[in-house]
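Grab a pencil and have a go at these short exercises before you peek at the solutions.

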Amino acid sequence: MTYDGDWRDTFRPDIPTPARIYDYLLGGKDNYCADRAAAEELMEIWPEMIFTAQANRAFLGRAVRYLAGEAGIRQFLDIGTGIPTANNTHEVAQEVAPGSNVVYVDNDPVVLTHARALLVSGQQGHTSYIDADLRDTKQILAEAAQTLDFSRPVAIMLMAILQHIDEAEDPYAIVGSLLAAVPPGSYLAISHPAADIETEAMAQMAERLNKLMAEKVTFRTRPQVARFFDGLELVEPGMVRVQEGRPASEIEAKSPAALWGGVGRKP
Ligand SMILES: C[S@@+](CC[C@H](N)C(=O)[O-])C[C@H]1O[C@@H](n2cnc3c(N)ncnc32)[C@H](O)[C@@H]1O
């Protein structure tokens, strides 16, 4: 099945979305038959796909823990929130550093309906949600400024989202405009499905996803993902497979996940 309209115009449980497929892969229940069928098709192509979703989520948690801990960040702009699950950005950040403020952004209507679960405000910090598209950085930055102080460092989180912006839409310019809005000492954290790990399976999965979903995907190579960090100082261990980014255990480090990930600091 293909769908050429704007799937956000009306709620369409019959068209798989990235947020709902990902929710299914993570063992969530906020997904529909079409999402489950799409995820099962992906796992037929590459059964280890499920570990990629889990490793991505684990990397997100470790990145936030590093940013709120060692890096001393207290403000997070998390674009591509996903349906709330375990270890959401505000939970990890506010556990490490109470008083951290988090702004979530997503364009999926189902994520919006679940956003209330993310909106925790009190002594532990403030959390808000923006219903917006990553392509509209002006809207995101204007609305985020109601919660975040852009004269102080901010961590921009783009976890497993940039694959939805193709080359023609200039993802590098989008990331550049977000980075231009934050001061030195800010951070960028990215995870991105790889085109050069499990090359054949990943190419087949991209092709299948682009037939099934209205939101298209472009998987990228390590140099293409590293380019998002141009002008930034990459934090150790640099641009690596996400499972090798400060893994909590040897088992975690050995996950077969096919994603590149890194954290960079704006000098
Ligand atoms: C694979 S999920 C990743 C969720 C979370 N960042 C994580 O890594 O666990 C991708 C999320 O990005 C959102 N998304 C995709 N394209 C987007 C866009 N253009 N603007 C805003 N959100 C988008 C999807 O709705 C989905 O919730």
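The exercises below deal with salt bridges and with one strand and its neighbours, in what is a predicted model.

**Exercise 1.** Find out how many salt bridges the structure holds, then work out how exposed the partners arginine 12 and aspartate 14 are.

*Solution.* Start with the count: there are 12 salt bridges. In one of them, the side chains of arginine 12 and aspartate 14 come together with N and O 2.7 Å apart. Now for exposure, where partly exposed sits between under 20% (buried) and over 50% (exposed). Arginine 12 has 25% relative accessibility, so it's partly exposed. Aspartate 14, at 35%, is partly exposed as well.

**Exercise 2.** Say which residue aspartate 133 forms a salt bridge with, and whether aspartate 133 is buried or partly exposed.

*Solution.* Look for the partner: aspartate 133 pairs with arginine 135, and their closest N and O atoms are 2.9 Å apart. Next, check the accessible area. Aspartate 133 comes out at 18%, so it counts as buried, while arginine 135 is partly exposed at 32%. Finally, widen the view: Asp133 and Arg135 belong to a salt-bridge network that also takes in Glu169.

**Exercise 3.** Work out which parts of the chain the salt bridge between arginine 265 and glutamate 233 ties together.

*Solution.* Take the contact to begin with: the closest N and O atoms of arginine 265 and glutamate 233 are 3.6 Å apart. Then place each residue. Arginine 265 is in strand 8 (residues 259-265) and glutamate 233 is in strand 6 (residues 233-234), so the bridge ties together parts 32 residues apart in sequence. As for exposure, arginine 265 is partly exposed at 31%, and glutamate 233 is partly exposed at 40%.

**Exercise 4.** Explain why strand 4 (residues 155-159) counts as largely enclosed, and describe which strands it pairs with.

*Solution.* Go residue by residue: five of the five in strand 4 are buried, so the rest of the structure largely encloses this strand. Then split the strand by face. Ala155, Met157 and Met159 are buried on one side, with Ile156 and Leu158 buried on the other.

Now turn to the pairing. Strand 1 (residues 75-79) runs parallel to strand 4 and is joined to it by three bridges; aspartate 78 stands opposite methionine 157. Strand 5 (residues 187-193) also pairs with strand 4 in the parallel sense, over five bridges. There, isoleucine 156 has leucine 188 as its bridge partner.

Last step, the connection: strand 4, helix 7 (residues 171-180) and strand 5 form a right-handed β-α-β unit.

How values were computed:
Residues are numbered from 1 along each chain as its sequence is written. This is a predicted model: local features need pLDDT of at least 70, side-chain atom pairs count only at pLDDT 80 or more; totals for chains, interfaces and linings use all residues. Side-chain values use heavy atoms; hydrogens and water are left out. A salt bridge is a side-chain nitrogen of Lys or Arg within 4 Å of a carboxyl oxygen of Asp or Glu. Buried means under 20% relative accessible area, exposed over 50%, partly exposed in between (1.4 Å probe, protein chains only). Helices (H or I, at least four residues) and strands (E, at least two) are DSSP runs, numbered from the N terminus. Two strands pair if DSSP finds at least two bridges between them. A crossover is right-handed if, with the strands pointing away from the viewer, the path from the first strand over the helix to the second runs clockwise.
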